[in-house]
Amino acid sequence: MSSIFADISQSEALRRGRRMLPPVVRGLFWAAIGFFIVNTLVSEVLDRTPLAPYVTKVSVTFGWTAATCGWLLGVGAWELVVKPYFGSPVEWDVPNDWRRYFMMSLDHKVVGIQYMVTSVAGFFIAGLAAMLMRFELMQGNLWTFPTPNAYLSTVGIHGTIMMFSFGTVMLVGGFGNYLIPLMIGSNSSAFPRVSAISQWLLPVGIVTVALSPILGTWTTGWRGYAPLAEQDPNGIVFYYLGVFAMTTSSLLVSINLTATILFQRAKGLTWNRIPMYAWGILAASLLNIIWLPEIQMTFILALLNNIVPLPMFSQIGTPLTYMEVFWLFGHPEVYIVVVPAFALWQEILPVMGQKTLFARSWGVLGLVFVMMFSGLVWAHHMFTNMRNDQMLPFSFFTEMISIPTGFAFLVSLGTVWKSRLRLTTPTLLVFMSMFNFLIGGVTGVMLADPVINLQTHDTFFVVGHFHYTIIGAMVFSFMAAAYYWLPRFSGRMYNEFWGKVGAIWVFIAFNAVFGQFLLIGLRGMNRWVPVYPKYLQNMNFEISLFAFLLGLGFLFNLVYYIWVWRYGKRVDANPWSAKTLEWQSTSAPGETNFDPPVQVLMGFYDYSDERPVCKPTSPAEVS
Amino acid sequence: MSDTPASRPTPRRNPEWSKTLFAVVFILVVIAAIVALFWQRQIGDAWSRMFGTERVQTGTTHIEQYDYGFHPRHITWRVGDKVTISLHNASATHWHEMMIGRGFDDTPYVVGPVHTQFDQDFWDGVHVTMSHAFKVDNFVPNKAIVTFVGQKPFTTEGGNFSPTLEPGGSLDLTFTVPNKPGTWQYGCFVQQFMHYVAGMHGTITILPAKT
Amino acid sequence: MIDLVVFTVLWVSVSLLFEWIFHTLVHYGVYYYTATTQAVDGEHAVAFILYVLAPVIAFVVLMLVYDLIRFRARKSDGVLRSRHQFRTNKLFIGIWVLISIGLNLLFFVHPSASALEQMFNSEQARLNRQDLEVDVVARQWQWFFSYPQYGIDDAQDANGNSILYLPVNRNIKFVLRSYDPFHTYAPYSGVIHGFWIPAFGLKQDIIPGETRYMYVHTSKVTSYNVNPMVRVQCTEVCGPGHPFMVAPVNVVSGNDFQQWVNQQKKMEGQ
Ligand code: HEM
Ligand SMILES: [Cu+2]
Ligand SMILES: [Cu+2]
Ligand SMILES: [Cu+2]
């Protein structure tokens, strides 16, 4: 495959020397044109108001939409989607070098890497916001931010970008796009164009939310909740638009990955052989497909509420409606984040212990039941504002959902028992992730108790709890996966010493920060406050120091990771002796995974069986 | 890539696009975004210093109130000029006021003292004409000498001179700039003094009279 | 077999260690500072969950540590695969599933349902005839406290800041509303606020257009100056002024309360 690209670049066009515009530059340019034309049309012609500025809430909504379309067309959708749709031949030649990452691509591995990089960029942008927040919180008065609204916008930006561009995306759009087709023995995802478009929507969302304060500060936090949102300054419009872009991105990816897992599996990869990670991605994708449209409709109503206005959540509705529909999605959202992480434990541990996966069916059952129950528990976010008679049912379901959640522990612990555990960085990170999620789970059981919840709700106890589940479980598992698959991605191996330094550094700093979040919450520190009573200052100051250490820890891992990717020691294919299919192929981005296609002969997690897991199909069988 | 669509056999363009152009544009856009995000205010101020209201205003100065700020944030007047403030509340949801003064009155508060109003009221003893009052929530004349043209808004007592406008409200204040040169502030302290904290303030430079 | 025995012995001891740690925590006060019976109930709930979960936490933590040490592959071992390959263990899975169902049912019955039952009881109208009623109005960004039974419209301290005074050992009924009494024309000004007094152990959101209630029984004489957790704090983000929605609370003896009432009435009378 790669050779085709190389040939093209040597062809006649090269001699004629007409170079194409860099797609990203063209995308930015078309976006700017789109914005300028449509915004002018709306604010100066169609919806002209005297004395109003050039960019109004209404005009920016339409202008942004045009800009997003311009951007998508510019980075490649024009040649890859629009023109072929009308019958022209595709004229989109992806050079076989780094350039392929900066243009629309149909290769699932390229898309996966694009997603990972964008998502990590989102993580560090939002992390920077967190550092700014912790800086402000070192003192009980305003000193870093000029206004409380600036601080609150930062909280919102942090939460929004973390959740919608990292938590929901990294393991699904990133690792999912790269690995799922490989793991199920396919050469591509089901709808390559869908993933290509969805990847390029993600940076739009991140940038829109990150730049929202240019339009005006907003104070609602990551929920964007009405009725407060309807009186927020205009930045809130960018929140809705940005989140819309990011959720659309996740929705499209999920549709693609679901279809891929359902229909693209290799011969012999029967349902009871589907890899654990694919199960996790399937469960998370189904959650996305069920719940994202729901929240997107809500965001659209809230946006209309702001720009029309359409007082859906005050006069003609009720103020709680938004919260209800937000959490109806919001709780499944946390499972979207954490289910792939559970799957990673069950993917990595059998390999590292070289031992058959324990109670596999219970592991799958756990993932699927968590997925099915996740819609029954949302109102545990609303114990402080629900009717008394709603409390017990929601408390009940919330407590019960910890049973299938616990199966992830059952499977993982059973697998490592009497294994021959290689104490590698991924193993260590998975263990840390399990420890952290244990704390997240114990605090979760407490929060499910209404009487305790009434005290801890909206305090730093809750903030500590959900960072334990999200960073503690998802980010640590993500790091484990990143080190685990590093040899697959780059053909190079990290150094165990430095990998472990990175893991332990992050683990200690993380627990120091968020363990104390739990305590300071109980001590009376509530959420969304840049200004707080003096007695909380010492503890906040010290938490902030650890938070900076944590930020540096993530940075260290990033730098080390990139370094290994480029300069690390070369390593053979399949250094962990794993059985899953992604290790049976050495295809780099741009290359075909399985040529000829493979046939799967047995499950991937049985280490008592020494026979090969797959064999190439003979040409006759392909037909 | 099993379903790579049929491509044109020889491309008409060289796909090896320029890295320099890409890098330059990309970096410029990133820098522009960062500058816009963190130094928006400073840039706006510099702009108005050069082209806008930083230059001496005569006649009517339009002041827009929004959530939570004033536009413009800087005004320059000269002592002895006859000027008009045309105040308009552009917010759809909040009422806003406009005080002008110097220094602060502070009240002790649980999380540290808060500014409740300006200490020295610019309007003390100033003759001012209020006209075109529309949707005025309330008006406190304090020690100004006020002439009303047209509808007289609801007036009340307490605190500095301040008209408070309902969402969409507006009014004009016409007066001769009194001999109080120097730097003054304007601000809005409504909703338990929080609009000021939220950034709703600006500065006025009053130049001494031309000799 | 030897692993099982060693692990069990260790597990029992680590469980005891955790019980001891949690006991110390509870002794010190997981809620840091409590001033109502409701807060004490909440603290009991936390304590119960911690005590019951101690062996579970110990099990998982110990398992992680034990696995890391005991089953670690040595570099010198030539053989890669583990000698023990099993897919399932019906006994272990059975116990695990039963215990996790049992524990969750237990927690649902106690403390969730039982403590909630107590809370609902304290809200029964027939049990609350003697309650002190405090009307709480939240607006952006200020609290107003009024005492209809005493004719106090707006309780304030000498600086004009809102302040909450409560008698000790009384049932208090807070009536919670969110609106702006001075700007009733502003349709959007009602947003959600949260009424929380950290030392009181519970909070309620205040929703525009709804009247909600919160009941407490004060149990000790205290004040913001004694412990800053005795303060009203808005907990639901409500705009830029949200962090400033704080008001000090004083819980005083019956006599002092009466005195304060008289003083307030005099102040308002002027
Ligand atoms: C780098 C380490 C991190 C630090 C130091 C940190 C710190 C914080 C702080 C101080 C808050 C504000 C709490 C409040 O006042 O309500 C917050 C909120 C939040 N964080 Fe993080 N965080 C980190 C990483 C993450 C990650 C990785 C995620 C998710 C993937 C995340 C998701 C959230 C969310 C959803 C909120 C709520 C925002 C809101 O209230 O609207 N954080 N974080
Ligand atoms: Cu939830
Ligand atoms: Cu204002
Ligand atoms: Cu509030």
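In which helix of chain C is the place of Pro111(C)? In this predicted model, the place of Pro111(C) is in helix 3 of chain C, and the residue is joined to His110(C) by a cis peptide bond whose omega is about 10°. A second cis peptide bond, again with omega at about 10°, joins Ala226(A) and Pro227(A); here the proline is found in the loop that runs between helix 8 (192–210) and helix 9 (235–263) of chain A. Backbone geometry also draws attention to Asp458(A), a residue other than glycine whose phi is positive, with a value near 60°, and which lies in the loop between helix 16 (450–456) and helix 17 of chain A. These places are worth pointing out because most residues other than glycine have a negative phi, and most peptide bonds are trans.

Helix 3 of chain C also appears in the interface between chain C and chain A. In total, 88 residues of chain C are in contact with 90 residues of chain A, and the two chains bury about 8000 Å² between them, with 67% of this area on carbon and sulfur atoms. Between chain C and chain A, 32 residue pairs are in polar contact, counting pairs in which both residues have pLDDT 80 or more. The side of chain C that touches chain A receives two or more residues from each of helix 1 (2–28), helix 2 (37–70), helix 3 (90–122), strand 6 (202–206) and strand 9 (231–234) of chain C. Of the elements of chain C, helix 3 gives the most to this side, with 17 residues. When the residues on the side of chain C that touches chain A are divided by class, 56 are nonpolar, 18 are polar and 14 are charged. Across the interface of chain C and chain A, 3 salt bridges are found by the rule; one salt bridge is formed by Asp606(A) with Arg87(C), where the closest N and O atoms are 2.4 Å apart.

The surroundings of ligand 1 were examined next. Of the 23 residues around ligand 1, those that come nearest are His158(A), Trp222(A), His467(A), Arg527(A) and Trp528(A). For His158(A), a polar side-chain atom lies 2.8 Å from a nitrogen atom of the ligand, whereas for Trp222(A) a polar backbone atom is 2.5 Å from an oxygen atom of ligand 1. Trp528(A) places a polar side-chain atom 2.8 Å from an oxygen atom of ligand 1. The elements of chain A that give two or more residues to the shell around ligand 1 are helix 5 (108–136), helix 6 (148–167), helix 17 (460–490), helix 18 (496–522) and helix 19 (537–567). The largest share of this shell, 7 residues, comes from helix 17 of chain A. By class, the shell around ligand 1 holds 18 nonpolar, 4 polar and 1 charged residues.

Record annotations can be set beside the computed structure. For chain C, an unreviewed UniProt entry lists residues 7–33, 45–69 and 90–109 under "transmembrane region". In the model, residues 7–33 of chain C are 81% helix and 0% strand, and the end C-alpha atoms of this span lie 38 Å apart. Residues 90–109 of chain C are 100% helix and 0% strand, with their end C-alpha atoms 28 Å apart. For chain B, UniProt places the feature "transmembrane region", also from an unreviewed entry, at residues 20–39; over these residues chain B is 100% helix and 0% strand, and the end C-alpha atoms are 27 Å apart.

Note on methods:
Residues numbered from 1 in each chain as written. Chains lettered and ligands numbered in written order. Predicted model: local features only at pLDDT ≥ 70, side-chain atom pairs only at ≥ 80, totals over all residues. Heavy atoms only, no water. Contact = heavy atoms within 4.5 Å. Buried area = accessible area lost by both parts, 1.4 Å probe. Salt bridge = Lys/Arg side-chain N within 4 Å of Asp/Glu carboxyl O. Polar contact = N/O pair within 3.5 Å; in protein donor to acceptor, adjacent residues only side chain to side chain. Helix = DSSP H or I, 4+ residues; strand = E, 2+ residues; numbered from the N terminus. Nonpolar A, V, L, I, M, F, W, Y, C, P; charged D, E, K, R; others polar. Near = heavy atom within 4 Å. UniProt positions renumbered as here; feature names shortened; annotations may be inferred.
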